[in-house]
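Thanks for coming, everyone. I'll keep this short. Have a look at the model first, and then I'll walk you through it.

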Amino acid sequence: MAKKKKETYAICRDCGTEMVPNGACTMNEIKINGRWYKRRSNGYNGECGDCNVGDGKLHHMGCDMEDCPRCGCQLISCCCDKTHLRKQTKV
Ligand SMILES: [Zn+2]
Ligand SMILES: [Zn+2]
Ligand SMILES: [Zn+2]
């Protein structure tokens, strides 16, 4: 049996986990122009084609499929001032 090469994935520099299939980012809020916003999750059916997160999960930071929660445009290219991410567990 041939040795299967272990697949390696890019690591999200914000949550520190590998972008494995059906994963999710744990940093659920983003600071934009001085206000905290809930990040938008993957609204597509199935895994995100870019960062591999599952349906309804949060994209990893830098994914080009994530929409900006403030202006609704592509997060990585909109002109909002994004400064911080945080993990907020309390609702
Ligand atoms: Zn992440
Ligand atoms: Zn994604
Ligand atoms: Zn924006």
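**Walking through the sheet**

Let's begin with one strand pair. β1 and β3 run antiparallel, and four bridges join them. One pair in that register is Glu29, which stands opposite Arg86 in β3.

A word on what you are looking at. This is a predicted model. The chain averages a pLDDT of 92. Of its residues, 93% score at least 70. Among the elements, β2 has the highest confidence, at a mean of 97. The lowest is β3, at 93. As a general caution, where pLDDT is low, the predicted coordinates should not be read in detail.

Now the overall layout. The chain has zero helices and three strands. Read from the N terminus, the elements go β-β-β. The C-alpha trace spans about 55 × 25 × 25 Å along its principal axes. There are 91 residues in the chain, and 21% of them are buried. On contacts, take those between residues at least 6 apart in sequence. Of these, 46% join residues at least 24 apart.

Back to the sheet. What is the strand order? It is β2-β1-β3, in an open sheet with antiparallel pairing. The edges are β2, residues 35-38, and β3, residues 82-86. Each has a single partner strand, so one side of each has no neighbour in the sheet. From one strand to the next, the twist averages 30°.

Next, the other pair. β1 covers residues 29-32. It pairs with β2 in the antiparallel sense, over four bridges. Let me read off some partners. Ile30 stands opposite Tyr37 in β2. Lys31 faces Trp36 in β2. Ile32 has Arg35 as its bridge partner, again in β2.

That brings us to the turn. β1 and β2 form a hairpin, with two residues between them. Asn33 sits in that loop between β1 and β2. Its phi is positive, about 50°, although Asn33 is not a glycine. Is Asn33 buried or exposed? It is exposed, because just 11 other C-beta atoms lie within 10 Å.

Compare another asparagine. Asn52 is in the loop between β2 and β3. Its phi is also positive, near 75°, and Asn52 is a residue other than glycine. Here the surroundings are described by a count of 21 C-beta neighbours inside 10 Å, so Asn52 counts as buried. The cut-off for buried is 20 or more.

Asn52 leads us to Met19. Which residues does Met19 touch? Leave out residues up to four places away in sequence. The list is then Tyr9, Ala10, Cys12, Cys51, Asn52 and His60.

Met19 also belongs to the largest nonpolar core. How many residues are in that core? Nine. They are Cys12, Met19, Ala24, Cys25, Cys48, Cys51, Val53, Leu58 and Cys63. Note that Cys12 and Cys51 appear both in this core and among the contacts of Met19.

Now two residues from the segment before β1. Start with Ile11, which lies in that segment. Ile11 is exposed, because it has 12 other C-beta atoms within 10 Å, and the cut-off for exposed is 12 or fewer. Ile11 touches Gly16, Thr17 and Glu18, again not counting residues up to four places away in sequence. For a longer span, take Ile11 and Arg70. They are 59 residues apart along the chain, and their C-alpha atoms are separated by 26 Å.

The second is Asn22, found in the segment before β1. With 12 C-beta neighbours inside 10 Å, Asn22 counts as exposed. Beyond residues up to four places away in sequence, Asn22 touches Glu47 and Gly54. Asn22 and Ile76 are 54 residues apart in sequence. In space they are 21 Å apart, C-alpha to C-alpha.

To recap. The sheet is open and antiparallel, in the order β2-β1-β3. The turn of the β1-β2 hairpin holds Asn33, with its positive phi. The largest nonpolar core has nine residues, Met19 being one of them. Happy to take questions.

Conventions
Residues are numbered from 1 along each chain as its sequence is written. Chains are lettered from A and ligands numbered from 1 in the order in which they are written. This is a predicted model: local features need pLDDT of at least 70, side-chain atom pairs count only at pLDDT 80 or more; totals for chains, interfaces and linings use all residues. Two strands pair if DSSP finds at least two bridges between them. Axes are lines fitted to C-alpha atoms, for helices over the stretch in contact, and angles run from 0 to 180 degrees between N-to-C directions. A nonpolar core is a set of buried Ala, Val, Leu, Ile, Met, Phe, Trp, Tyr and Cys residues joined through C-beta atoms within 7 Å. Two residues are in contact if their C-beta atoms, placed from the backbone, lie within 7 Å. pLDDT is the predictor's confidence in each residue, from 0 to 100.
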